[in-house]
Amino acid sequence: MSGRNGDFLSDAQSVGVKLETSGEHCTGRSNKDSAGTRSELRRERYPNSIVWTPIPVLTWIFPFVGHMGICGSDGIIHDFCGPFCISEGDMAFGNPTRFFCVNQQRQPDLDAAVTTSTAQFRATQSYNFFTNNCHSFVAHVLSHASVPTPGFRRPHWNMVVLACLVFLCGRFVSLPRALWTVLPSLMLWSLVLAFLLR
């Protein structure tokens, strides 16, 4: 992966939709269809997206650490939440607070990869928080779909790349969920700094 943060962000734009500046969202709708996009978000549907939610206490200490899932074109969340268990429709630690759109040119491949990877993980994959976790499942899906990885010439998805991608480029679902994600960590680290500097 590129050692320069700017290169990573530039490459990330080629993988995902320009969330902040483009009129199109993950569904490919234009601004005139934004009401439909908001409706999908209210139903917790995130078509063609990586989704992320904080893990209480752990995310407060390490803000880039959280629980991750992925959605195909139907927007239904798939997340690896335990041994041989892929949850569908919700997440182990609550509704997503951030999401990142995957390039829609890969949509057919992504749908097939979500289906295949879900079946494979349910049949063969035990769970390990450090080595085979929710990030591993998302990385497997994206690699299987041949989605380009920012900073690499060929798909090379892993936990570190995914954590950086969502932390640096992910879009918050709403202001309340942004506050739910950010405030506990800010409060905790403010207290730590205040204690250290007293």
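**Figure 1. Burial of Phe 80 and Phe 121 in the predicted model.** In this predicted model, Phe 80 and Phe 121 are both buried. The two residues form an aromatic pair with edge-to-face geometry, the ring centres lying 5.1 Å apart and the planes meeting at 85°. Phe 80 belongs to strand β3 (residues 77-82) and Phe 121 to helix α4 (residues 107-124), so the pair ties together parts of the protein that are 41 residues apart in sequence. Ring pairs join Phe 80 and Phe 121 with Tyr 127 and Phe 137 in a cluster.

**Figure 2. The aromatic pair of Tyr 46 and Phe 99.** Six aromatic pairs are present in the structure. In the pair formed by Tyr 46 and Phe 99, the ring centres are 5.7 Å apart and the planes stand at 45°; because this angle is neither under 30 degrees nor over 60, the pair is classed as tilted. Distant parts of the chain are linked here: Tyr 46 lies in the loop between α2 (34-42) and β1 (49-54), whereas Phe 99 lies in strand β5 (residues 98-101), 53 residues apart. Tyr 46 is buried, its relative accessible area being 1%. Phe 99 is likewise buried, with a relative accessibility of 4%.

**Figure 3. The open sheet and the pairing of β1 with β5.** The sheet is open and consists of six strands in the order β4-β3-β2-β1-β5-β6, with antiparallel pairing. Its edge strands, β4 (85-88) and β6 (171-172), each pair on one side only. Between β1 and β5, the antiparallel pairing extends over four bridges. Phe 99 of β5 is the bridge partner of Val 51.

**Figure 4. Arg 98 over the ring of Phe 172.** The charged end of Arg 98 is positioned over the aromatic ring of Phe 172, at 4.3 Å from the ring centre. Arg 98 is also among the residues in contact with Ile 50.

**Figure 5. The largest nonpolar core and the surroundings of Ile 50.** The largest nonpolar core comprises 26 residues, of which Ile 50, Met 68, Ile 70, Leu 110, Leu 142, Trp 157 and Leu 162 touch the most other members. Two or more residues are contributed by each of β1, β2 (66-71), α4, α5 (134-144) and α6 (159-169). Helix α5 provides the largest share, six residues. When neighbours within four places in sequence are set aside, the contacts of Ile 50 include Met 68, Gly 69, Ile 70, Phe 99, Phe 100 and Val 102. Also in contact with Ile 50 are Val 138, Leu 142, Leu 162, Leu 165 and Val 166. Another core, of eight residues, lies apart from the largest one and includes Val 51, Cys 71, Ile 77 and Val 173.

**Figure 6. The protein as a whole, for orientation of the close-up views.** The secondary structure comprises seven helices and six strands. Along the sequence, these elements follow the pattern α-α-β-α-β-β-β-β-α-α-α-β-α. Of the 198 residues in the protein, 40% are buried. Among contacts with a separation of 6 or more, 67% are between residues 24 or more positions apart. The exposed area of the protein is about 10,400 Å², of which carbon and sulfur atoms supply 59%.

Technical notes. Residues numbered from 1 in each chain as written. Predicted model: local features only at pLDDT ≥ 70, side-chain atom pairs only at ≥ 80, totals over all residues. Heavy atoms only, no water. Phe/Tyr/Trp six-rings, centres within 6.5 Å; stacked < 30°, edge-to-face > 60°. Buried < 20%, exposed > 50% of the residue type's maximum accessible area, 1.4 Å probe, protein only. Lys NZ or Arg CZ within 6 Å of the ring centre and 35° of its normal. Pairing = 2+ DSSP bridges. Core = buried A, V, L, I, M, F, W, Y, C linked by side-chain atoms within 4.5 Å. Contact = heavy atoms within 4.5 Å. Areas by Shrake-Rupley, 256 points an atom, 1.4 Å probe, with all protein chains shown as cover.
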